[in-house]
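Here are my notes from going through this one, as a numbered list. Have a look at the structure first, then read on.

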Amino acid sequence: MSQLQLRNVSLSIAGKPLLDEVFLTLEVGERCCLVGRNGVGKSTLLRVISGEQQVDSGEIIRRAELRIACLGQDVPTEICGGVYEVVAQGLGSLGALCAEYHQLADAISHSSDAGLFKRFEAVQQRLEAEDGWRIGQRVDTVLSRMNLDGGAAFADLSGGLKRRVLLARALVTDPEVLLLDEPTNHLDIEAIGWLETFLADFAGSIIFVTHDRAFAQALATAVLDLDRGRLKRYDCSYSDYTRRKQADLEAEAIQQSQFDRRLAQEETWIRKGIEARRTRNEGRVRALKSMREARQARRQRIGQVYFELDSTKSSGKRVIEAKGLGVSFAGRPIVRDLDLTLLRGDKLGIIGPNGIGKTTILRLLTGDLKPDVGELRFGTRLEVAYFDQQRVQLDLEETVVDYVGQGRTHVTIGGREQHVMGYLQDFLFSPQRARTPIRALSGGERNRLLLARLFTRPANLLILDEPTNDLDVETLEMLESLLVAYEGTLILVSHDRNFLDNVVTSTLAYKGDAHFVEYVGGYQDWLRQRPTEKTDNKEPKAPESPRSKPACRNARKLSFNQQRELDALPEHIAELEDEQAALNARLGDPALYREAPEQVRDFQKQLERINAKLDQAFQKWETLEALRTG
């Protein structure tokens, strides 16, 4: 059964067409990932679905009394009060009454004011008359389910907890459709994992915008691709979507090339062919006119960001060496006993919850912050470039071109001079956009601007503090490619798991109690290598990744049972992958959600079990193969 439908919906804002005859059907229980380049209109489409944005034409059909809740991209600055009050705001006037009851109950526990008691009794009577107790229980249930302290002050929370509170405010309405705009932005890896689990168990339908590829892969049952105003639906996982999208773009390029070649031939005919004939083929002339109009109306894809780092002389072999570093603020230890050696060409990722000292480590390793204890040595010929997640380097009144050019008309990139305007076009800033103040830029544009300025500086030590926030997937992948090929040394803080896996060679992970430990490899390698908590069941420790094993370990002959198990694993993995593919195909079939929505949860649980078995099988194969080969 469909929750809502968009039929032939079109919308232009400030003369820019964002939605062009869009069609969409959302079924019960679907989790659709909405993707597209920055600025194509994804947030606008969510506002259209929720009813906040009117359209120029088309029809929007929502099921009667459909409950829709939204979580915006940014945390509103005007929100104040306690967590309970903020969550209760989602219930309107009755929620406000529950919040007032909650405040008065807390106040009279610390006061004997008769006026407070009188007001408390009045609110209590209104709640009883309007069945407000049931509403209040809903707030308490959501707070408990999302592990939130209702008495905490909203202003005192971290960015991640604030977004969790806003999600609770949306969920307290018991929505049937949940619209999420960049829900993972500024969340740490632990919070993102919690959100994945929570949304996987959500009974309603979800449309979410994200540039976190691992998050999309874990949740999406379908992908909605918004490109040049058109919305195309892919009923598959996110990884399958990326392959199918690439195939579609290649087919489109071939079709456009064939069309342009035919148009050129017809243009030649209209100029030369008429000279040889006194009468025109009017049908062919009309066809040529139609082709010209079609070519003029064609909307080209947004250009692709082009990154290039300015080269500089190499640093010394040893870049940074830290021994026993420690630092505290206001008597609270932030970093303890940090030991780290970075050599030229190393790419280090730093991971951990928000607020535990990742940026502090960056400041220590650059010499911007002096340690309380320990020894820090820097290598020779270091030239450092730093990307700041807080964007404090940006003067909002400065124009884009002035910020990058710094009074110059040309910049030097890769040993050659380039005009600032041409260089900015590599970062998708048109000449008109390049002359606008930074204040007018979106979050993604500001990140691109910081990267554009950063890459004009010759550097052999690159430090990036959460560079992936607000960047679209294509820009992320371009940045990944650049950093993988970068010959200098890199220190990276990020909560993007795919980005870490694809870029870094080692990971500095928060262990607890202000301690950080270095592991070989990226995020997935850290998951396999990190110590597991001891339990009463004495569960065996997960096998160590072969990448973390000493290279000098000798190969040894497997036992008969181990060799038999290794030989059988490929066939077992193939069977599991066949089951996985069948379940993905079933969950990707829209008919399932219409005809048997009650089976969706069972199929999802089966898929989770198959995925877990696949992980175990691959891990076992990797362990046995590593033992066999040493």
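1. One cut-off before anything else: I call a residue buried under 20% relative accessible area, exposed over 50%, and partly exposed in between. By that rule R344 is partly exposed, because its relative accessible area is 41%. Keep in mind throughout that this is a predicted model.

2. R344 is worth a look for its surroundings too. It sits in the loop between β11 (332-343) and β12 (347-351), and together with K313, K317 and R381 it makes up a positive surface patch.

3. Another member of that patch, R381, has a backbone quirk. Its phi is positive, at about 60 degrees, although R381 is not a glycine. Most residues other than glycine have a negative phi. You'll find R381 in the loop between β13 (373-378) and β14 (384-387), and with a relative accessible area of 46% it is partly exposed.

4. R228 shows a positive phi as well, about 55 degrees, and R228 is not a glycine either. This arginine lies in the loop between β8 (222-227) and β9. Is R228 buried or exposed? Its relative accessibility is 16%, so R228 counts as buried.

5. On the negative side, a surface patch is built from E571, E575, E577, D578 and E579. I picked out D578, which belongs to helix α19 (residues 560-587). D578 counts as exposed because its relative accessibility is 55%, and the cut-off for exposed is over 50%.

6. Now the start of the chain. Strands β1 (residues 2-13) and β2 (residues 16-27) run antiparallel and are joined by eight bridges. S2 faces E27 of β2 across the pair. The two strands make a hairpin with two residues between them, and in that turn A14 has a positive phi of about 55 degrees.

7. How many salt bridges turn up in a search of the whole structure? The count is 22. One of them pairs R230 with D20, with 3.2 Å between the closest N and O atoms. R230 is in strand β9 (residues 230-234) and D20 is in β2, so this contact ties together parts that are 210 residues apart in sequence. Both ends are partly exposed: R230 has a relative accessible area of 46%, and D20 comes in at 26% relative accessibility.

8. D496 and R213 form another salt bridge, where the closest N and O atoms are 3.8 Å apart. This one also links distant parts of the chain, 283 residues apart: D496 is in the loop between β18 (489-493) and α17 (497-503), while R213 is in helix α8 (residues 213-219). Here D496 and R213 are both buried.

9. Strand β9 comes up again with K232, which forms a salt bridge with D248, the closest N and O atoms being 2.9 Å apart. D248 is in helix α9 (residues 238-276) and K232 in β9, with their positions 16 residues apart in the sequence. D248 counts as partly exposed at 29% relative accessibility, and K232 counts as partly exposed at 40%. Elsewhere, R63, R67, D174 and E176 are joined into one network by salt bridges that share partners.

10. Finally, two helices to look at side by side. In α1 (residues 42-50), the buried residues include K42, T44, L45, L46, V48 and I49. In α11 (residues 358-366), K358, T360, I361, L362, L364 and L365 are buried. When you check these lists, remember that an α-helix has 3.6 residues a turn, so residues three or four places apart point the same way.

11. Each of those helices is followed by a glycine worth checking. After α1 comes G51, with a positive phi near 95 degrees. After α11 comes G367, and its phi is positive too, near 85 degrees.

Definitions and conventions: Residues numbered from 1 in each chain as written. Predicted model: local features only at pLDDT ≥ 70, side-chain atom pairs only at ≥ 80, totals over all residues. Heavy atoms only, no water. Patch = residues over 30% accessible without salt bridge, like charges linked within 9 Å, V, L, I, M, F, W, Y side chains within 5 Å. Areas by Shrake-Rupley, 256 points an atom, 1.4 Å probe, with all protein chains shown as cover. Salt bridge = Lys/Arg side-chain N within 4 Å of Asp/Glu carboxyl O. Lys, Arg positive; Asp, Glu negative; His and termini not counted. Charge placed at Lys NZ, Arg CZ, Asp CG, Glu CD. Helix = DSSP H or I, 4+ residues; strand = E, 2+ residues; numbered from the N terminus. Buried < 20%, exposed > 50% of the residue type's maximum accessible area, 1.4 Å probe, protein only. Pairing = 2+ DSSP bridges.
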